[in-house]
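Reader: Please take one part of this protein, its interior, and examine it closely for me. I should like each term to be explained as it arises.

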Amino acid sequence: MTRVRLSVAERRGELLRAAIEQIEARGVAAVRIADVASVLGVSNALVLYHFSTKEQLVAAAFRHAAEADLAHLRKLLGRRTSALRRLRSAVRWYAPTGQAKGWRLWIEGWAAALREPALREVAQDLDRQWKAAIAEVIAEGVAAGEFRCPDPHGTALRLTALLDGLAVQLTSYAGAVPRARAQQWTDEALARELGLGLEGRALPAPEQ
């Protein structure tokens, strides 16, 4: 069967998607240029034409995944509803009990980033943008009087740390934490950070 001729952008996208699948299946250390080429039925030379080394391909694949995640996050946070509803949607999507990215991919990426500067840059950039987006919506909710939060950036950091840690537990250690309990902890953490009761109403301000 004759392959359809793709544009450069389409071909790169196809290669990046295949690389992401192979990284999730094999791990960063084990994946090879040949694995990506084989999945698509193309030559190693074609992959190397677009990405001159495996390291460049892997870093580009993680950036592709990161950009897709950030685009979805911004879509959730950009909805026309209250800041609290947007935050809950974003946190539940990002949580390891939600429908976010393949956590196995990102755990692989974090491990590889210890040795690969290009991957570390991608991971740090995603982390910064996620925290900034969450902190911005928290600040909007504070300004609108929906809840209290004296340190939106600190809250975004703590929520991210909790969700990333739970992702490692649920993905790497089967049965370590029941999914329902992880979701409960996530909901409780968000409510606590925003000075809310679990039913979503603001708690009385503490006496001075």
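**Inside the protein**

Author: Both Phe62 and Trp106 are buried, a term for residues with under 20% relative accessible area, while exposed stands for over 50% and partly exposed for what lies in between (1.4 Å probe, protein chains only). The model is predicted, so local features need pLDDT of at least 70 and side-chain atom pairs count only at pLDDT 80 or more, whereas totals for chains, interfaces and linings use all residues. Residues are numbered from 1 along each chain as its sequence is written, and side-chain values use heavy atoms, with hydrogens and water left out.

The setting comes next. The protein has nine helices and zero strands; these are DSSP runs, of H or I with at least four residues for a helix and of E with at least two for a strand, numbered from the N terminus. Buried residues account for 45% of the 208 residues. The C-alpha atoms fill a box of roughly 70 × 35 × 35 Å along the principal axes.

The structure holds four aromatic pairs. Rings of Phe, Tyr and Trp (its six-membered ring) pair if their centres lie within 6.5 Å; planes under 30 degrees apart count as stacked, over 60 as edge-to-face and the rest as tilted. One of the pairs joins Phe62 and Trp106 edge-to-face, with 5.4 Å centre to centre and 65° between the planes. This pair links distant parts of the chain, since Phe62 belongs to helix H4 and Trp106 to helix H6, 44 residues apart. Tyr94 and Trp103 also pair edge-to-face, at 5.3 Å centre to centre and 85° between the planes. Tyr94 counts as buried because its relative accessibility is 7%, and Trp103 counts as buried because its relative accessibility is 7%. Ring pairs join Tyr94, Trp103, Trp110 and Trp130 into a cluster.

Helix H6 deserves a further look. Its buried residues include Trp103, Leu105, Trp106 and Ile107. Among the elements that cover the buried residues of H6 are H1, H4, H5, H7 and H8, where contact means heavy atoms within 4.5 Å.

Phe62 leads on to the nonpolar core, a set of buried Ala, Val, Leu, Ile, Met, Phe, Trp, Tyr and Cys residues joined through side-chain atoms within 4.5 Å. The largest such core has 59 residues, and Phe62, Leu73, Ile134 and Leu194 are those with the most contacts inside it. Helices that each supply at least two residues of this core include H1 (8–26), H4 (54–77) and H7 (117–143). H4 gives the largest share, 11 residues. Neighbours within four places in sequence aside, Ile134 is in contact with Leu73, Leu77, Leu87, Ala90 and Ala156.

Two further buried residues complete the picture. Thr155 is found in helix H8 and is buried because its relative accessible area is 1%. Leaving aside neighbours within four places in sequence, Thr155 is in contact with Ile138, Cys149 and Glu193. Ala83 has its place in helix H5 and is buried because its relative accessible area is 1%. With neighbours within four places in sequence again set aside, Ala83 is in contact with Val137, Glu140, Gly141, Glu146 and Phe147. Across the whole protein, 63% of the contacts between residues at least 6 apart in sequence join residues at least 24 apart.
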